[in-house]
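Open your viewer, switch to a cartoon view and keep the selection box handy. We will go from stop to stop, with something to select at each one.

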Amino acid sequence: MMRVTLFGTRGSVAAPGPETLRYGGNTSTVEVRGNDGTLLVLDAGTGIRRLGAQIPPDIARIDVLLTHLHMDHIQGLGFFDPLYHPGIDVHIWGPASGTLSLGARLTRYLSPPLFPVHLRDLPRITCHDVPCPPFDIGPFHVQTSLVCHPSPTVGYRIHAEGSAVVYLPDHEPALGLRDGRWLEPEWTSGYDLATGADLLIHDAQYTDEEYEDRVGWGHSTYRHAFEFAARVGVKEFVPFHHDPSHDDETLDRLVGDAVQRFKPEYVVSKGCEGAVFEVGPKS
Amino acid sequence: MAHPIQIILTRQLASYLSVPLFLVDPKGNLIFYNEPAEAILGRRFDETGAMPREEWLSAFTRFDDEGKPIPLEDLPLTITLTKKRPAYKRYHTRGLDGVARQMEVTTIPITGLQGDFLGAVVFFWELSE
């Protein structure tokens with residue numbers, strides 16, 4: 001079984017405050033735990049600080065899987081306690097660019113003047129460039145694929161015990177669709193990665209009206225996300241990467257309206273900070 | 001199997017251009033062409049779908065200013081597919097509609113972030129004399 005916990009659900013910039021208490025104000029961070037205690041951390045938004053504070057000191061290895069290097073997905077990295085723990089190996093996976101490795105790209109943030117500590121001075125960090133052939137981390141089999149979002153961005157598909165969790169927090173698969181008509185699967189960004197997922201965590205940042213002025217910014221509307229989830233045939237869908245301007249009341253309404261409008265055949269679960277999903281057989 | 005994101009985005013871009021554009025996979029099979037390119041090929045993409053390399057290249061005859069046929073190995077697309085670099089040539093074509101056109105043809109490789117060769121785009125520019 002995979003235990004998936006949302007530590008940060010917000011997109012673009014942290015949005016803490018009394019009006020975002022339920023859905024949360026931290027930016028993208030998701031914990032995936034295996035039965036054997038193997039720990040994956042998806043993205044290093046501001047939610048990773050709290051996640052890091054809960055990790056037992058006797059853990060030997062943590063893998064942080066970055067979808068891309070926009071600030072809302074890496075801003076918490078420097079505040080992730082295990083990075084400074086000499087007994088923990090931290091493996092960071094994320095996209096290289098055409099000219100720079102992941103490590104070189106991260107150094108732009110983890111170095112002065114943006115940050116006081118150099119990446120190279122942290123004790124036990126190993127960087128891995130993605131996309132790459134599928135790889136295994138403990139019981140997890142991980143697939144990566146570049147997806148539609150400005151700058152190199154990947155999505156992750158994590159398999160364990162016959163079940164799959166797919167994480168596509170920043171994704172605009174509907175970019176350029178004419179008259180809103182989806183193309184065939186082979187022409188749909190993220191299709192292979194997400195098809196048949198037991199749990200899909202997917203970008204749902206905008207309303208239709210907001211999207212009109214934000215085409216090409218790399219994000220989905222509720223309509224796009226619900227239609228994408230239907231096309232790839234997921235079992236459960238979590239709208240994610242909430243726009244910082246959307247308070248709890250607005251998000252409740254957006255999710256409710258979308259369910260009424262699109263009548264999904266899959267389960268829709270709210271993307272609230274602290275939400276836990278158990279995926280796969282319970283052993 | 002889904003196309004790489006670079007190919008998907010190229011198709012999206014092509015569908016918004018008025019420049020005739022053909023999109024091929026690493027073997028030269030035609031996987032998409034836009035509406036302006038339909039006029040050159042003489043057939044609509046909705047009708048043909050993807051086409052094997054031999055089929056779509058045989059839809060054109062190619063010849064130089066003196067009417068001599070241009071061998072396949074001298075075509076910009078062949079050069080791009082074999083050498084994975086841009087190529088250019090000016091020549092005449094006759095498509096399925098039987099009309100002769102003088103064309104400038106430019107081909108550009110689509111190479112991924114890690115140097116993986118994903119296909120090529122072929123731009124046709126008709127010269128009006």
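Over how many bridges do β5(B) and β6(B) pair, and in which sense? Select the two strands and follow the ladder: the pairing is antiparallel and runs over 10 bridges. Bear in mind as you look that this is a predicted model.

**Stop 1: the β5-β6 hairpin of chain B**

Stay on this pair and show side chains for T106(B) and F123(B); T106(B) stands opposite F123(B), which belongs to β6(B). Then move to the turn. The hairpin has five residues between β5(B) and β6(B), and among the turn residues G115(B) has a positive phi of about 80°.

**Stop 2: the β4-β5 hairpin**

Now add β4(B) to the selection. β4(B) pairs with β5(B) over eight bridges, again in the antiparallel sense. A good place to zoom in is A87(B), which faces T107(B) of β5(B). This hairpin too has five residues between its strands, and G98(B) takes a positive phi near 80°.

**Stop 3: the whole sheet**

Select every strand of chain B. The six strands make an open sheet with antiparallel pairing, in the order β2-β1-β6-β5-β4-β3. Look at the two ends: β2 (30-33) and β3 (61-63) of chain B are the edge strands, and each has a single partner, so one side of each lacks a neighbour in the sheet. Turn the sheet to look along it and you can follow the twist, which averages 35° from one strand to the next.

Within the sheet, pick out β1 (residues 21-24) and β6 (residues 117-127) of chain B. Four bridges join these antiparallel strands. For a residue pair to label here, try V24(B), which stands opposite A120(B) in β6(B).

**Stop 4: helices across the sheet**

Bring back the helices, starting with α1 of chain B, residues 5-14. Helix α1(B) lies across β1, β2, β5 (100-111) and β6 of chain B, at about 165° to β1(B). Colour its buried residues: I5(B), I7(B), I8(B), T10(B) and A14(B). What do the buried residues of α1(B) pack against? They pack against β1, β2, β5 and β6 of chain B together with β8 (140-146) of chain A.

Next, select α5 of chain B, residues 76-83. Helix α5(B) lies across β1, β4 (87-94), β5 and β6 of chain B, and runs at about 10° to β5(B).

**Stop 5: chain B as a whole**

Zoom out until chain B fills the window. Chain B has five helices and six strands, and along the sequence they follow the pattern α-β-β-α-α-α-β-α-β-β-β. Its radius of gyration is 14 Å, close to the 14 Å from the globule rule for 129 residues, so chain B is as compact as a globular protein of that length. The C-alpha trace of chain B spans about 45 × 30 × 25 Å along its principal axes. Of its 129 residues, 29% count as buried.

**Stop 6: where the chains meet**

Show both chains and select the contact residues. Here 11 residues of chain B are in contact with 17 residues of chain A. On the chain B side, seven of the residues are nonpolar, three polar and one charged.

**Stop 7: chain A and its core**

Cross over to chain A, which has seven helices and 14 strands. Its radius of gyration of 18 Å is close to the 19 Å that the globule rule gives for 283 residues, so chain A is as compact as a globular protein of that length. Buried residues make up 48% of the 283.

For the interior, select V41(A), V165(A) and L200(A): of the 95 residues in the largest nonpolar core, these touch the most other members. Helix α6 (residues 222-232) of chain A gives the most to this core, with six residues. Around L200(A), leaving aside neighbours within four places in sequence, find V166(A), A194(A), A229(A), V234(A), F237(A) and V238(A) in contact.

**Last stop: F240(A)**

Finish on F240(A), in strand β12 (residues 236-240) of chain A. Is F240(A) buried or exposed? F240(A) is buried, with 28 other C-beta atoms within 10 Å. Not counting residues up to four places away in sequence, it touches T9(A), P169(A), I201(A), H202(A), D203(A), A204(A) and G271(A).

Methods
Residues are numbered from 1 along each chain as its sequence is written. Chains are lettered from A and ligands numbered from 1 in the order in which they are written. This is a predicted model: local features need pLDDT of at least 70, side-chain atom pairs count only at pLDDT 80 or more; totals for chains, interfaces and linings use all residues. Two residues are in contact if their C-beta atoms, placed from the backbone, lie within 7 Å. Ala, Val, Leu, Ile, Met, Phe, Trp, Tyr, Cys and Pro count as nonpolar, Asp, Glu, Lys and Arg as charged, and the others, Gly among them, as polar. Two strands pair if DSSP finds at least two bridges between them. Axes are lines fitted to C-alpha atoms, for helices over the stretch in contact, and angles run from 0 to 180 degrees between N-to-C directions. A residue is buried if 20 or more other C-beta atoms lie within 10 Å of its own, exposed if 12 or fewer, and partly exposed in between; C-beta atoms are placed from the backbone. The radius of gyration is taken over C-alpha atoms; the globule rule is 2.2 Å times the number of residues to the power 0.38. A nonpolar core is a set of buried Ala, Val, Leu, Ile, Met, Phe, Trp, Tyr and Cys residues joined through C-beta atoms within 7 Å.
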